[in-house]
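Welcome to this short tour. Keep your viewer open and follow the stops in order, selecting as you go.

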Amino acid sequence: MSSNTLILSMATSGTITAPTIGCDGDKKKNFIVMNCENSTAWTPIDFVDMFVGCLERDNAVWTSINVANGDDIPADIGTYHGIVLTGSRFNVCDRDTIPWFNALVDMIVEVEKKGRPKVFGGCFG
């Protein structure tokens with residue numbers, strides 16, 4: 001596992017233990033949550049609120065997009081300190097039917113090559 005990966009562990013109580021995400025000091029750090037789900041079946045759960053609520057730290061500035069609803073992945077993705085990819089009902093077998101899937105994979109590959117920003121990915125499928 002590369003140093004570019006954040007891990008959240010699920011405790012037996014069902015709470016998420018948030019990792020240290022490096023927001024010490026006065027400098028603002030920008031994070032982005034990419035919602036990869038567009039089903040209303042999860043309502044009232046909001047994946048963006050869930051992840052931001054667990055990872056919120058002083059000096060963190062959060063942006064969210066919904067790639068499953070057609071939002072574009074920002075071209076300036078390297079300016080973020082971290083990326084959170086929410087879980088999704090979609091999986092790798094759906095890649096040919098989901099218009100945003102290849103762009104998401106391309107972004108992940110590019111981020112991994114550069115070694116930044118840090119990435120956390122929720123469960124797909």
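A residue is called buried here when its relative accessible area is under 20%, exposed when that area is over 50%, and partly exposed in between. Keep in mind throughout that you are looking at a predicted model.

**Stop 1: the whole chain**

Start with a cartoon view of the protein, which has 2 helices and 6 strands. Trace the cartoon from the N terminus and the elements come in the order β-β-β-α-β-β-α-β. The chain has 125 residues, and 38% of them count as buried.

**Stop 2: strand 5 and its neighbours**

Now select residues 82-85, which form strand 5. Are the two faces of this strand covered or not? Both are covered: Gly82 and Val84 are buried on one side, and Ile83 and Leu85 are buried on the other.

Next, add strand 3, residues 29-35. Strand 3 and strand 5 run parallel and are joined by 4 bridges. To see where they face each other, pick Phe31, which stands opposite Gly82.

Then add residues 118-121, which make up strand 6. Strand 6 pairs with strand 5 in the parallel sense, again over 4 bridges. Here, pick Leu85 and look for its bridge partner in strand 6, Gly121.

Finally, show helix 2, residues 101-114. Together, strand 5, helix 2 and strand 6 form a β-α-β unit, and this unit is right-handed.

**Stop 3: the salt bridges**

How many salt bridges does the structure hold? There are 2.

For one of them, show the side chains of Arg89 and Glu37, which meet at 2.0 Å, N to O. This pair connects distant parts of the chain: Arg89 sits in the loop between strand 5 and helix 2, while Glu37 sits in the loop between strand 3 and helix 1, 52 residues apart. Turn on a surface and compare the partners. Glu37 has a relative accessibility of 4%, so it counts as buried. Arg89, at 39%, is partly exposed because that value lies between the two cut-offs.

For another, go back to helix 2 and select Glu110 and Lys114, whose closest N and O atoms are 3.9 Å apart. Why is the spacing of these two along the helix worth a look? They are 4 residues apart in helix 2, so about one helical turn separates them. Glu110 is partly exposed, with a relative accessible area of 36%, whereas Lys114 counts as exposed at 56%.

**Stop 4: a nonpolar patch**

Keep the surface on and colour Trp42, Ile45 and Met50. These residues make a nonpolar surface patch of about 280 Å². Zoom in on Ile45, which lies in the loop between strand 3 and helix 1 (47-55). Its relative accessible area is 47%, so Ile45 is partly exposed.

**Stop 5: two cysteines**

For the last stop, select Cys93 and Cys123. Buried or exposed: which word fits Cys93? Cys93 is exposed, because its relative accessible area is 69%. Cys123 is exposed as well, with a value of 62%. A disulfide is a covalent bond between the sulfur atoms of two cysteines. The structure holds 0 disulfides, so no pair of cysteine sulfur atoms here lies within 2.5 Å.

Definitions and conventions:
Residues are numbered from 1 along each chain as its sequence is written. This is a predicted model: local features need pLDDT of at least 70, side-chain atom pairs count only at pLDDT 80 or more; totals for chains, interfaces and linings use all residues. Side-chain values use heavy atoms; hydrogens and water are left out. Patches are made of residues with over 30% relative accessible area and no salt bridge: like charges are joined within 9 Å, nonpolar side chains (Val, Leu, Ile, Met, Phe, Trp, Tyr) within 5 Å. Accessible areas come from the Shrake-Rupley method with a 1.4 Å probe; for residues, only the protein chains shown count as cover. A salt bridge is a side-chain nitrogen of Lys or Arg within 4 Å of a carboxyl oxygen of Asp or Glu. Buried means under 20% relative accessible area, exposed over 50%, partly exposed in between (1.4 Å probe, protein chains only). Two strands pair if DSSP finds at least two bridges between them. A crossover is right-handed if, with the strands pointing away from the viewer, the path from the first strand over the helix to the second runs clockwise.
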